[in-house]
Amino acid sequence: MGPVLTPNITVHIIWYGVWHMPQKEIIREFIRSISATNVKRPSVAGWWSTVRKYTDQTGGNISGTVLLGKERDDQLYSHGKSLTRLSVQSVIKAAVTARSSPLPINPSGGVYLVLTSEDVYVQDFCNDVCGFHYFTFPSIVGETLPYAWIGNSAKLCPAVCAYPFAVPTYIPGIKPVKPPNGDIAVDGMVSVIAHEIAEMASDPLANAWYAGEDPSFPVEIADLCEGIYGTGGGGSYTGQMLKAKDGATYNMNGVRRRFLVQWVWNHLVSYCSGPNALDQ
């Protein structure tokens, strides 16, 4: 019965560590594609249409407008190269209270992505999580803001967090697929970013759409479909995906790029949905 993000959603990015421009562009163009029209199907916007089916207690749907907001670089690793879950909030505080060009504080529709570079370790990274979302505490940041952290797994665990572009050795007989934008780790991050944005939109304050009894350990709309990218997916099978002429694997089109993004749970039909479903 909690709120969902019915106002226009604006995604503000903190690039923590050293990022290269081509990496940033892949992620920016995914976010720009979420509500882009006139994109060849299956599209990122088609994927977001499942997320939009979730409503608040007044019947208001999640917004169809997702905008790329302001960005801020933290190239000096202001809080070190090893972060706890809680210190991620301090990174956000530094960004919104900076003396020059601070990120705007937008409690209505603003979401904040902390993206850590490949040489940064965050608590539980690779073992339990590739990303997570929560909300900031007013005692730290001054406002309650939905945020997510997602890590670049290139050096630490690509086979865990960039699957299926890299495959763990304990899964025999499965070959990695070619990433659509040529960067195993960043293409893998895109799917985790999508996962977290979908869950921030549908459960921004951990009191809206989740399964299970404990909101501090919820199973949310993307958790239910982890590892599923196409029809028939489940277990170690990703489902039926698409292949480009250059051999890259994808399942949705963006404004100028292709992406491989996991499906999300459609509560109206009680199964995982995606724009590349064979019954679309």
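Buried means under 20% relative accessible area, exposed means over 50%, and partly exposed lies in between (1.4 Å probe, protein chains only). The model is predicted: local features need pLDDT of at least 70, side-chain atom pairs count only at pLDDT 80 or more, and totals for chains, interfaces and linings use all residues. Residues are numbered from 1 along each chain as its sequence is written, and side-chain values use heavy atoms, with hydrogens and water left out.

**Exercise 1. Describe helix α1 and what its buried residues pack against.**

Step 1. Locate the helix. Helices (H or I, at least four residues) and strands (E, at least two) are DSSP runs, numbered from the N terminus. Helix α1 covers residues 21-33, which is 13 residues.

Step 2. Check its span. The expected span is 1.5 Å times one less than the number of residues. From first C-alpha to last, α1 reaches 18 Å, close to the 18 Å expected.

Step 3. List the buried residues. They are Gln 23, Lys 24, Ile 26, Ile 27, Arg 28, Glu 29, Phe 30, Ile 31 and Ser 33. Pro 22 also lies in α1, but counts as exposed at 57% relative accessibility.

Step 4. Find the packing partners. The buried residues of α1 pack against elements including β1 (9-16), α2 (44-51) and β2 (66-74).

**Exercise 2. Which salt bridges tie helix α1 to strand β2?**

Step 1. Set the criterion. A salt bridge is a side-chain nitrogen of Lys or Arg within 4 Å of a carboxyl oxygen of Asp or Glu. The structure holds 9 of them.

Step 2. Take Lys 24. Its salt bridge is with Asp 73, and the closest N and O atoms are 2.7 Å apart. Lys 24 lies in α1 and Asp 73 in β2, so the pair ties together parts 49 residues apart in sequence. Lys 24 is buried at 7% relative accessible area. Asp 73 is partly exposed at 39%.

Step 3. Take Arg 28. Its salt bridge is with Glu 71, with the closest N and O atoms 2.9 Å apart. Arg 28 belongs to α1 and Glu 71 to β2, so this pair ties together parts 43 residues apart in sequence. Arg 28 is buried at 11%, while Glu 71 is partly exposed at 28%.

**Exercise 3. Is strand β1 enclosed or open, and which strands pair with β1?**

Step 1. Count the buried residues. In β1, 8 of the 8 residues are buried, so the strand is largely enclosed by the rest of the structure.

Step 2. Compare the faces. One side carries Ile 9, Val 11, Ile 13 and Trp 15, and the other Thr 10, His 12, Ile 14 and Tyr 16; all are buried.

Step 3. Identify the pairing. Two strands pair if DSSP finds at least two bridges between them. β1 and β2 are parallel over 7 bridges, and Ile 13 has Glu 71 as its bridge partner in β2. Another 7 bridges join β1 to β4, also parallel. There, Val 11 is partnered by Val 111.

**Exercise 4. Place Ser 153 and name its contacts.**

Step 1. Place the residue. Ser 153 sits in the loop between β7 and α5 (158-161).

Step 2. Judge its cover. Ser 153 is buried, with a relative accessible area of 1%.

Step 3. Name the contacts. Contact means heavy atoms within 4.5 Å. Leaving aside neighbours within four places in sequence, Ser 153 contacts Phe 125, Pro 158, Cys 161, Ala 162 and Ala 185.
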